[in-house]
Amino acid sequence: MLHTRRRLLGLALAALSLVSACTTTPPPAAAAPQRPKLLVLVVIDGLPMRQVTGYRDQLAPDGFARFLDHGRWFSQAHYGHGHTVTAAGHSVMLSGAYPQRSGIISNEWRDPVTGEPVYNTGDAAYTYLDNPTAPLSGTSPRNLKVETLGDVLRTRSPQSKVIGISGKDRGAILPAGHKGTAYMYMSETGQFSSSTYYMAALPQWVKDFNAARPADAFFKKTWAPLLPESAYSRSVPDGQPWQIASGNGNRLPAVVGDKMDAPGPRFYGNLLASPFADELTLAFARAAVKNEQLGRRGVQDILSVSLSSHDYINHAFGPESRLSHDHLLHLDRHLQAFFQFLDREVGAGNYLLTLTADHGFTDTPEWAASQGRDAGRFTWGPSLAAVNAGLAARFGVDKLAWNFSASGLLLNEKLAAERGLKFADVEAAAREELLKLPGVEAVFTREQLLGSDTTTPYLEAMRKSYDPTRAAQLQIVLKRHWIMSYRPGGSTHGSPHDYDTHVPLLFWGPGYVGQGEVKQRVEIADLAPTLAAIAGLPAPAQAQGRDLQLKP
């Protein structure tokens, strides 16, 4: 048993080790086959495009630079929907459908009839395998109303494999679609697992990976800056009062698992806000490529790998921070090693590589204010109380505003009817009360969102985020540099402003997509139709994007 455990740990550590940085360009590929054997989508959760180009001079030769120097990349790629959050972004990538069609309006929302919370990939009919399943856990794509590119592929070719992997359940489940297989990190145990929606039991290779306890290899490991201190002059120093100090602290170097006696749930959770969770996720992705023989079985396959750590780090410290800057550089080196693994394992001419993000990020309001910008926090509790106070003064009824839900304010239509109130009057009054609050730029009614006006600023973007069966009646847009906030520090995303919509859209694949920067504005909804055309597949049925017609 001890020998077996040591062997498994050795295998896991070997998978975790990075390939040393090389100074050569990506290997030239032989003549590419007619269609790629493997489509690889890499998602960096919470990565604004401005960080990729802003730190370009510090990148490794073959990570992000593989795309920028040798691939086709779009410097003005944006999301078209207004509520830019993780689940919504991941639902768009491989479906090409905005949340108005996909139904994935946010990470979570409240049922507009009952007021009960709904999680985007929550499905109580299924449970995690070999791991506890908390209420509202993400276990299936049931709430996703549209098909994905993987669904199209597996309908035509059932023997093809579509695998989604992520540190977050939604980052794995939504790109994998209805007919793929999702594996997600379990922050209570440090394992990767799936759910009973996909299978009755984990494959042996996943059990072996988990049995080696690879997450434990990072216990007490130090996250140290990759470059000398002078290299970080363009980012904000550590230890700012608005940077969240819980978890691994807000200064580098940071020891993950510091002051803990042994790995446990708190350590496994804290691992996510460090470069080590990316390394662990990519190790699992390597294991999937090898054991599932992706791209090497005579049929097309799809692999989606969503790396979650950058989002956790930007939420805690802000994208302007040195911690975010340094994490991007560590991530870049991990990507380099993963890409070189794919070159060896699948063959550089046999796969198409795409990289994007699910949303960008807003600078921390306190830092933005220090730079002279009008910035602040729209806090949920006091804002809800203020709106209800205004409505009570007008109508004599308490709590007509139920709660905030995703990007909107949910009103209690049933209560209004019981008190003999005309709902249109309550809606109009609530809109007026919201517009009085600091930081509110615009508020759209259900009638506006279901209409055809395309000239009012932000309305079309919010319309693309609006599913009337799931969304709140009033949709809110905050002013630039203002964020919806539930805690005093850190930052977030979720607006239709360019810093939240502008993300990378990068391609690499000799013989498939060619090279060079494209400066025209495109949308991430264009990704699914573009990949479909390259793969020789029809676009997903509900796709609203267009084929970008990439040519070598």
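Is Arg 297 buried, exposed or partly exposed? With 30% relative accessibility, Arg 297 lands in the partly exposed class. That value, like everything below, comes from a predicted model, and it makes a handy way into the charged pairs.

Arg 297 has a salt-bridge partner, Asp 301, with N and O 2.5 Å apart. The two ends of this bridge sit in different accessibility classes: Asp 301 has 0% relative accessibility, so it counts as buried, while Arg 297 is partly exposed at 30%.

Now step back one residue in the sequence, to Arg 296. Its side chain forms a salt bridge with Glu 345, at an N to O distance of 3.0 Å. This bridge ties together distant parts of the chain: Arg 296 belongs to the loop between helix H10 (275–291) and strand S10 (301–307), Glu 345 belongs to helix H12 (residues 322–347), and 49 residues separate them. Here both ends are partly exposed, Arg 296 at 28% relative accessibility and Glu 345 at 23%. Since buried means under 20%, neither residue makes that cut.

Further along the chain, Glu 433 and Arg 394 pair up too, with 3.5 Å from N to O. It's another long-range link: Glu 433 is in helix H16 (residues 423–435), Arg 394 is in helix H14 (residues 380–395), and they are 39 residues apart. Glu 433 is buried at 8% relative accessibility, whereas Arg 394 is partly exposed at 39%. The pair isn't on its own, either: through shared partners, salt bridges join Arg 394, Glu 432, Glu 433 and Lys 436 into one network. Over the whole structure, the salt bridges number 24. As a general point, side chains of opposite charge can pair when their charged atoms come close.

What about the nonpolar side? In soluble globular proteins, nonpolar side chains tend to be buried together. The largest nonpolar core in this model has 111 residues, and Val 42, Phe 64 and Leu 303 are the ones that touch the most other members. Helix H10 supplies the largest share of this core, 10 residues.

Leu 303 is worth a click in your viewer. Setting aside neighbours within four places in sequence, Leu 303 contacts a run of residues from Leu 38 and Leu 39 through Val 40 to Leu 41, plus Ile 163, Ile 165, Val 289, Leu 294 and Phe 338. Apart from the largest core there is another one, made of 25 residues, including Val 387, Val 397, Leu 437 and Trp 482.

Terms used:
Residues numbered from 1 in each chain as written. Predicted model: local features only at pLDDT ≥ 70, side-chain atom pairs only at ≥ 80, totals over all residues. Heavy atoms only, no water. Salt bridge = Lys/Arg side-chain N within 4 Å of Asp/Glu carboxyl O. Helix = DSSP H or I, 4+ residues; strand = E, 2+ residues; numbered from the N terminus. Buried < 20%, exposed > 50% of the residue type's maximum accessible area, 1.4 Å probe, protein only. Core = buried A, V, L, I, M, F, W, Y, C linked by side-chain atoms within 4.5 Å. Contact = heavy atoms within 4.5 Å.
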